Amino acid sequence: MKLSVNLNKVALLRNARGEDYPNIEYFANKAIDLGVDGLTLHPRPDHRHATSNDVINLAKLTKERGVEFNIEGNPFSKPNNDFLGFRELVEMTNPDQITLVPDDINQITSDHGWSSGPHDKDLNNIIKSLNDSSNSNISLFIDNIDGVEYASMMGANLIEIHTGKFSKCIKKNELSIVSDTQKIIDRALEYNLLVNAGHDLNLNNLHYLVEMGNINEVSIGHAIIIDSLHYGFEETILKYLTIIRN
């Protein structure tokens, strides 16, 4: 299992003061120095945290440092003021991984996965275009077992399981969610899809995913910044890596 650190919340803190402090590239390099496998950014059209320039700069940095760069976002997000557009950013940065998420501008955070709808043809065409124009892995954000077949039908070669429900159930000690999540993983393997996971993962629930096995990568951001308030950034990253690799 790989760890990709989402740096959106570092960008959010920086934006709160309108200055370059904290500096997102400093924490990107620090995370890489500590041994993470990749970095993730999820730019939104309002630039509430990660900006288009952040995406460009971190894509360059990760290539120089030899780690994976994952860009998340809605593929239908068009250029808007300073936001350069999702597909435009993909074309400019050629990321290692593209995670397509069906969020809109009014969502506080990603709260659901893809399902079939009137966007099917357009989404399928976008994925075909991305596959033709880049060597990026294309991941579709899903939240149930039906999403696995949908991701395959759309032409993705990975899924990212939205682990929001998983995390809430673990907190309530409703451990039947472990079996439900395992079924999603098993179905993805039947479709020859790699499995990523992300959302609300933390030091208390991550080990359940590790024990399941067959998960390619987890993307964690919010909890890492919260835990950093307790332990410091370096110790926090090492705690997550210890869970993943031991």
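## An exposed loop residue

Let's start at N81, which counts as exposed, with a relative accessibility of 76%. This residue is found in the loop between β3 (68-73) and α4 (86-93). Its backbone is worth a look too: phi is positive, about 55°, although N81 is not a glycine. Please keep in mind throughout this tour that the model is predicted.

## Two more loops to visit

H47 is another residue other than glycine with a positive phi, here near 55°. You will find H47 in the loop between β2 (38-41) and α3 (52-65). Is H47 buried or exposed? With a relative accessible area of 17%, H47 is buried, because that value falls under 20%.

Next, turn to the loop between α1 (8-17) and α2 (24-34), which holds P22. The peptide bond joining Y21 and P22 is cis, and its omega is about 5°.

## A buried serine in a strand

Strand β8 covers residues 217-220, and S219 is part of it. S219 has a relative accessible area of 9%, so it is buried. Which residue's side chain makes a polar contact with the side chain of S219? The partner is T40, and the contact spans 3.5 Å.

T40 also appears among the residues that S219 is in contact with once neighbours within four places in sequence are left aside. The others in that set are S4, N6, E72, E160, A197, G198 and H199.

## Two helices that pack together

Now find helix α5 (residues 120-133) and helix α6 (residues 146-154), which pack with their axes 9 Å apart and at an angle of about 60°. That angle makes α5 oblique to α6.

On the α5 side, the residues that meet the other helix are D120, L123, N124 and I127. On the α6 side they are Y150, M153 and M154. Sorted by class, this contact has 5 nonpolar residues, 1 polar and 1 charged.

## Inside the nonpolar core

The largest nonpolar core has 71 residues. Which of them touch the most other members? They are L100, L140, I159 and V218.

L140 is a good one to explore. Not counting residues up to four places away in sequence, L140 touches L100 and I159, both named above with L140 for touching the most other core members. L140 also touches L123, I127, Y150 and M154, which take part in the meeting of α5 and α6. Its remaining contacts are W114, A151, A156, L158 and E160. E160 may look familiar, since S219 is in contact with E160 as well.

Methods
Residues numbered from 1 in each chain as written. Predicted model: local features only at pLDDT ≥ 70, side-chain atom pairs only at ≥ 80, totals over all residues. Heavy atoms only, no water. Helix = DSSP H or I, 4+ residues; strand = E, 2+ residues; numbered from the N terminus. Buried < 20%, exposed > 50% of the residue type's maximum accessible area, 1.4 Å probe, protein only. Polar contact = N/O pair within 3.5 Å; in protein donor to acceptor, adjacent residues only side chain to side chain. Contact = heavy atoms within 4.5 Å. Axes fitted to C-alpha atoms, helices over the stretch in contact; angles between N-to-C directions. Parallel < 35°, antiparallel > 145°, perpendicular 65-115°, else oblique. Nonpolar A, V, L, I, M, F, W, Y, C, P; charged D, E, K, R; others polar. Core = buried A, V, L, I, M, F, W, Y, C linked by side-chain atoms within 4.5 Å.
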